[in-house]
Protein chains: 2
Amino acid sequence: MIGDEILSGRTQDKNVAQVAAWLNRQGIRLDEVRIVPDDEGRIAAAVNALRSDKDYLFTTGGIGPTHDDITVDSIAAAFGVPVVIHSRARQILEDYYATRGGLNDARLRMARVPEGADLIENRESGAPGVKIGNVYMMAGVPSIAARMLEALDGTLEGGRPVVSMTVGAYAPESEVADLLRATEEAHEGVAIGSYPFFKDGRYGANFVMRSDDGELVERTAEDLASRLAEAGIEPFPGGI
Amino acid sequence: MIGDEILSGRTQDKNVAQVAAWLNRQGIRLDEVRIVPDDEGRIAAAVNALRSDKDYLFTTGGIGPTHDDITVDSIAAAFGVPVVIHSRARQILEDYYATRGGLNDARLRMARVPEGADLIENRESGAPGVKIGNVYMMAGVPSIAARMLEALDGTLEGGRPVVSMTVGAYAPESEVADLLRATEEAHEGVAIGSYPFFKDGRYGANFVMRSDDGELVERTAEDLASRLAEAGIEPFPGGI
């Protein structure tokens, strides 16, 4: 994720959750996120560190028409290739802007790609995303990033999607820690996360069971709910 | 930032923006964010990579009472020190839980710190944050993290706070890219970020001027508003 916008605290990020949820549906686990400033060296270093280590790398932000949009240049530098105008991207922009004032120099910037890159379709606003190797460059605007993800649906190699079920309780985590650990130990292959909250003046937590085995997740959730009830704590299946 | 919770897409992160805004008020720039899974090796590696390279490192999440709270252990491993019970933390927890069912084993987990660590006051819910070297471990629950940051107000060494002003416009970025670049070049020392949005069916962007020189920021914002108006685009001081 690329952006002074996020690091300055000005904009509340929405892309991490959106990309994570989409990856889950593809059967892929989001393994790490880095947010770095609008700086070519920093972007290139982060991209090179992650692309060699992970199956896929998604970037959001910095592919627009303005002077602070430097993602394409930075990733070209990371791959050690020049930036070129992609002919189909140019055509897409010409068509898109034909009725919107024409293709000026700033708009043409959005046809620039690292040499050898492919495009990611943008059903929202013309300017495409860019893919080179296992790196996917997407827009920073969440609604546009969402449409680019849509266009990538089913194109990545995923495993079995992770299934999750949630049980919530208005009880401090510290009262149910032993019970949780025992439940997790009783169901090998499930990870239970405990996510505390403070809501309407009460402390509570949601307990999330995750596994790629849906039936196992279901059995574990039922077991946890029974154990909570036995301990005198009302379980909320589905979470709070 | 530590948490399967965020990486699974289940929880929309709020701590990045909160920590960034707080750091700005201390005159410190947030330079990078990493979100890693609940895995001791991964947490330790990220902490060691960042703590040596940055002035301060803040972590959020994973300091509660449950089995998946492994931040303290991971950071102790990163520093190569054992985990010990902090006597004042134990006292704080004993006092806090005196009227709340007493200090059980799970709750006592929250008194565990890397050897040599200090506490960060938690005015919200008892269990303190933990500080070792330049690493600050805070709660993942945003309201609790907020109170821990409050307790740290003015304790870090900051520079002049960065001042920002925003001018918005309902115009595609691609129409104003040249104008923006020219405005930035006319005011040395100011960085202008351009943040596009899609709102109420219209495209637009907010242009954010940032510098530690408040007057310069103000002059630049005024200049940008004039240039936009001259180009026939209504400027919205304060942003949209």
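A residue is buried if 20 or more other C-beta atoms, placed from the backbone, lie within 10 Å of its own, exposed if 12 or fewer, and partly exposed in between. The model is predicted: local features need pLDDT of at least 70, side-chain atom pairs count only at pLDDT 80 or more, and totals for chains, interfaces and linings use all residues. Residues are numbered from 1 along each chain as its sequence is written, and chains are lettered from A in the order in which they are written.

**Exercise 1.** Locate B:Ala171 in chain B and state its burial class.

Step 1. B:Ala171 sits in the loop between β8 (163-169) and α8 (173-186) of chain B; helices (H or I, at least four residues) and strands (E, at least two) are DSSP runs, numbered from the N terminus.

Step 2. B:Ala171 has 19 other C-beta atoms within 10 Å, so B:Ala171 is partly exposed.

Step 3. Neighbours within four places in sequence left aside, B:Ala171 is in contact (C-beta atoms, placed from the backbone, within 7 Å) with B:Val176, B:Gly204 and B:Ile233.

**Exercise 2.** Describe the domains and overall spread of chain A.

Step 1. The domain assignment, automatic or from a database, gives domain 1 (4-152) and domain 2 (163-237) in chain A. Their C-alpha centres lie 38 Å apart.

Step 2. Chain A has nine helices and 11 strands. Its radius of gyration is 22 Å, well over the 18 Å that the globule rule gives for 240 residues, so chain A is more spread out than a compact globule. The radius is taken over C-alpha atoms, and the rule is 2.2 Å times the number of residues to the power 0.38.

Conventions
Two residues are in contact if their C-beta atoms, placed from the backbone, lie within 7 Å.
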